[in-house]
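Colleague: I'd like to go through the charged pairs and the cysteines with you, and hear how each label is earned. Can you put the structure up?

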Amino acid sequence: MEKGNPVSLRKKPEVMNNSDGGNYVRNFEKWKKKYNRKKVQVKRERAQHKKKPEWQVEREYIARLVSRYGDINSKEALKFSDFPISKKTLLGLQGAQYRQPTEIQRQTLGFALLGKDVLGAAKTGSGKTLAFLIPVLECLYRQQWTSVDGLGALIISPTRELAYQTFEVLRKVGKNHEFSAGLVIGGKDLKVESEQIQHTNIIICTPGRLLQHMDQTASFHAANLHMLVLDEADRILDMGFAETLNAIVENLPKTRQTLLFSATQTKSVKDLARLSLKEPEYVWAHEKAKFSTPATLEQSYVVCELHQKVNMLYSFIRNHLKKKIIVFFACCKEVQYLFRVLCRLRPGTPVLALHGKQQQMKRVEVYNDFLRKNTAVLLATDIAARGLDFPAVNWVLQFDCPEDADTYIHRVGRTARYKEGGEALLLLLPSEEKGMLRQLLDKKVPIQKIQVNTEKLQNVQQKLEGFLAQEKEQKERAQRCFISYLRSIYLMKNKEVFDVCQLQIEEYAHSLGLAVAPRVRFLNKALLQKAERTEQTVEEEESDEEEELKSFKVQLKGPENESSDSESVSDDEAGGDEEQVTRSKGQLQGADYEDDLGDADLFTVKRKDVFNLAGTQESLEEAGGESSKKKPSKETKYKEAKKVLKKNFQVNKKVIFNEDDKAVQLWPPVQRAVTEDDEEDEISGINVEKARERLKREDQEFDKLEYSRKVKAKHRERKMKAKAASREAKKKRQDSGEDEEDEVMAYLARESEEEFDPSTLPDPDKLHSEEEEVEEEGFTKRQRSSGSSDEEEEQNVATFKTKKRRLQKGEEEEQHAALDTGLSLAEDEELVLHLLRGSR
């Protein structure tokens with residue numbers, strides 16, 4: 001058979017050659033094939049000679065893509081290639097292992113490519129990031145955007161970590177495009193960003209940093225912006241970012257496309273009006289779903305006391321050492337303290353901390369470290385609750401109750417992503433259970449209650465007390481943690497769930513390792529508000545009952561007595577209002593409104609004045625203006641010392657021995673006066689009587705010294721003047737050649753006219769009287785300030801008068817003393833003889 005096959009094949013052409021017509025047909029077919037080939041070659045050669053430029057080819061390609069936008073059928077699209085997307089974007093998606101679109105991506109891409117405004121909402125982990133990154137890339141590709149054109153798309157994220165994650169996804173998907181992209185977040189060098197931001201086409205940023213560039217960077221503008229994207233839009237539109245976002249939107253052009261995405265989307269008309277959306281398309285991918293959380297997520301909660309939470313956390317970590325866990329807290333101070341505590345306790349698994357007080361480089365390092373690790377525990381605040389995609393997270397533990405149901409949904413969304421499994425556990429206090437479960441049921445969150453085996457709980461309170469005893473800094477962190485937690489509960493809006501007054505404060509402080517609970521001043525305000533609320537409810541109930549009774553009485557009495565009853569009713573109501581005002585005034589005056597530590601967290605809650613406390617305070621200040629004027633003056637140190645003496649306090653003493661074995665008192669410091677008394681060294685404190693005597697002696701000595709100083713100064717002035725006069729006389733005597741008699745006479749005349757005229761000298765009695773008046777005033781002032789009795793004052797006045805008499809006698813003696821002319825003895829004798837001769 002094998003040999004027969006080739007023979008039969010050779011015989012076939014011989015059979016065909018028998019007919020001439022068959023040969024012609026074959027020859028024609030061969031010629032036609034050659035002709036067609038030649039024709040194709042000629043066309044190719046002509047096309048090469050007349051080749052179109054690349055930009056024209058690309059423009060025609062873009063026109064074909066745009067023509068297909070109207071034919072998009074999101075229900076039939078199973079792959080990204082089914083959408084009219086550019087080849088560069090498709091290659092980037094394939095390289096990043098994104099092949100099939102999710103539900104939110106299928107429903108959103110059609111509207112976004114057509115240039116419509118979109119509000120997208122879907123469950124956590126459903127791929128919302130690609131739902132807005134693909135339209136951004138395609139929009140700029142259609143416009144053939146370059147770095148010269150400036151900013152074309154703006155993506156705003158609420159946290160730095162989410163912005164960093166979005167930037168990394170954009171780098172993978174858009175690596176084949178020629179656009180420039182930049183990450184603009186806090187914690188980086190502002191000058192470097194301002195130099196590069198003007199040439200950036202796509203900016204991924206946080207609201208605060210963007211507004212800072214709009215205010216300070218002159219070269220930055222958004223006049224050519226085509227697309228604005230708000231990731232986690234409900235958080236950005238919240239009260240925390242309201243003013244910042246309004247300022248940003250004012251600097252953006254209104255002819256733009258806006259995309260809003262979140263797991264808990266807002267439908268508020270005010271929020272949408274602020275963004276000036278034009279006929280937006282609402283895309284709720286899981287609106288008809290039974291639950292608002294992923295189906296693969298198992299959720300449960302535990303009710304435990306506040307002082308058992310730390311033991312619960314440590315025991316949970318010890319029982320899940322080979323799992324990847326995220327633990328959420330209410331404030332940064334809790335994360336800081338418990339992170340250090342767990343590092344000291346060494347639970348057996350890596351422990352990381354992520355919060356808003358860290359520097360930016362540290363936050364990025366922790367984020368990347370947790371991404372790489374297979375087993376770890378991340379202690380974090382709500383900055384890690386939104387949008388972050390941590391792979392293979394097994395557990396989400398909420399150490400503190402979330403603010404609302406939306407925050408809960410975002411927290412548990414860090415696990416069970418992309419159809420993977422995950423578990424979530426919520427720790428609730430008995431006072432938080434009822435209100436929180438009601439909110440979760442309203443949001444379609446399935447959660448079940450579980451019990452904890454108390455025998456397996458490990459108590460770490462004694463270890464914490466030991467750590468705090470060893471390190472003073474650790475104790476301060478524990479105190480800050482305690483106060484920050486209470487403040488976060490106090491600032492929560494929903495008072496049905498969060499009530500500071502129901503917390504077991506002392507036990508909670510002991511569970512943190514503190515021996516005594518720190519003083520929390522704002523708790524007085526919380527207690528006052530609660531008391532006012534209860535009083536208001538009671539008074540409202542009583543007023544309702546009274547109105548019903550009075551209306552019933554009016555119906556019984558008839559229409560005649562209605563007027564008198566109404567008057568009595570108004571009087572009773574006025575009296576009740578006055579009592580309520582006086583009661584509220586007394587409570588407000590007794591409260592302490594001082595704020596606690598100055599450091600606050602990254603996001604602050606803006607609260608309204610629900611109970612009108614500001615108004616009541618103002619009225620109290622106005623009403624108490626007159627009473628403040630009548631307040632007694634401040635107590636003097638003398639009165640305080642008297643009170644201390646009456647209480648008979650014994651002051652602690654610190655005594656040491658010197659080299660001579662003599663006791664030396666270091667504390668309290670011994671008070672020594674100008675006049676030393678050995679008896680005073682033994683007494684601690686202030687002896688009022690001895691102090692008064694010491695003051696008298698000091699005054700007397702001071703007065704004597706002051707008077708002697710003034711007298712010496714007068715004598716010195718007189719001597720100086722006399723010497724100056726004698727010098728001038730000698731000079732003139734030498735210059736003029738007159739006789740001695742004339743000189744002496746001239747000298748005497750001049751001297752009598754100028755220097756020795758007694759009228760020119762100051763009256764010592766008058767000066768002394770003025771000085772005495774000043775001294776008497778100072779003396780009386782001291783006596784009044786010391787607060788002495790009347791008898792003591794009389795004695796002091798008598799001593800002062802005797803002192804005054806002695807001083808007067810001393811001055812009289814000085815007046816009778818010899819006159820000092822300032823000349824030598826020989827000159828005085830000559831002067832006297834000359835005067836005697838002249839008199840003869």
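Colleague: Are Glu 232 and Arg 386 buried or exposed?

Modeller: Buried, both of them. Keep in mind that this is a predicted model. The label "buried" asks for under 20% relative accessible area, and Glu 232 and Arg 386 both carry that label.

Colleague: What makes Glu 232 and Arg 386 a salt bridge?

Modeller: The N to O distance between their side chains is 3.0 Å. The cut-off is 4 Å between a side-chain nitrogen of Lys or Arg and a carboxyl oxygen of Asp or Glu, so the pair qualifies as a salt bridge. Asp 234 joins in as well: Glu 232, Asp 234 and Arg 386 are linked in a network of salt bridges.

Colleague: Which parts of the chain does the pair of Glu 232 and Arg 386 tie together?

Modeller: Two loops. Glu 232 sits between strand 5 (227-231) and helix 10 (233-236), and Arg 386 between strand 11 (376-380) and strand 12 (395-398), so the tied parts are 154 residues apart in sequence.

Colleague: How do you know that Glu 161 and Arg 363 form a salt bridge?

Modeller: Their closest N and O atoms are 2.8 Å apart. With the limit at 4 Å, that makes the pair a salt bridge. Glu 161 belongs to helix 7 (residues 160-173) and Arg 363 to helix 15 (residues 360-372), so this pair ties together parts 202 residues apart in sequence.

Colleague: Why is Glu 161 called buried?

Modeller: Because its relative accessibility is 3%, and buried means under 20%. Arg 363 is buried too, with a relative accessible area of 3%.

Colleague: What about Glu 193 and Arg 209, what makes that a salt bridge?

Modeller: Their side chains meet at 3.1 Å, N to O, and the rule accepts pairs within 4 Å. Glu 193 is in helix 8 (residues 190-196) and Arg 209 in helix 9 (residues 207-216), 16 residues apart. Glu 193 counts as buried at 9% relative accessibility, and Arg 209 counts as buried at 9% as well.

Colleague: How many salt bridges does the rule give?

Modeller: The count comes to 20.

Colleague: Why does Arg 256 have no salt bridge?

Modeller: The nearest side chain of opposite charge, that of Asp 117, is 7.2 Å away. A salt bridge has to be within 4 Å, so Arg 256 has none, even though Arg 256 is buried. The side chain of Arg 256 does reach the backbone oxygen of Leu 275 at 2.9 Å. Arg 256 itself is in the loop between helix 11 (242-250) and strand 6 (257-262).

Colleague: Which residues does Arg 256 touch?

Modeller: Leaving out residues up to four places away in sequence, the residues touched by Arg 256 include Leu 225, His 226, Leu 228 and Val 249.

Colleague: Now the cysteines. How do you know that Cys 332 is in no disulfide?

Modeller: By the rule, the count is zero disulfides. For Cys 332, the nearest cysteine sulfur is that of Cys 331, 7.1 Å away. A disulfide needs the sulfur atoms within 2.5 Å, so Cys 332 doesn't make it.

Colleague: Why is Cys 501 called partly exposed, when Cys 332 is called buried?

Modeller: Cys 501 has 27% relative accessibility, and partly exposed covers the range between 20% and 50%. Cys 332 is at 5%, and under 20% means buried.

Key. Residues are numbered from 1 along each chain as its sequence is written. This is a predicted model: local features need pLDDT of at least 70, side-chain atom pairs count only at pLDDT 80 or more; totals for chains, interfaces and linings use all residues. Side-chain values use heavy atoms; hydrogens and water are left out. Buried means under 20% relative accessible area, exposed over 50%, partly exposed in between (1.4 Å probe, protein chains only). Helices (H or I, at least four residues) and strands (E, at least two) are DSSP runs, numbered from the N terminus. Lys and Arg count as positive and Asp and Glu as negative; His and the chain ends are not counted. A polar contact is a pair of N or O atoms within 3.5 Å; within protein, one must be able to donate a hydrogen and the other to accept it, and residues adjacent in sequence count only if both atoms are side-chain atoms. Contact means heavy atoms within 4.5 Å.
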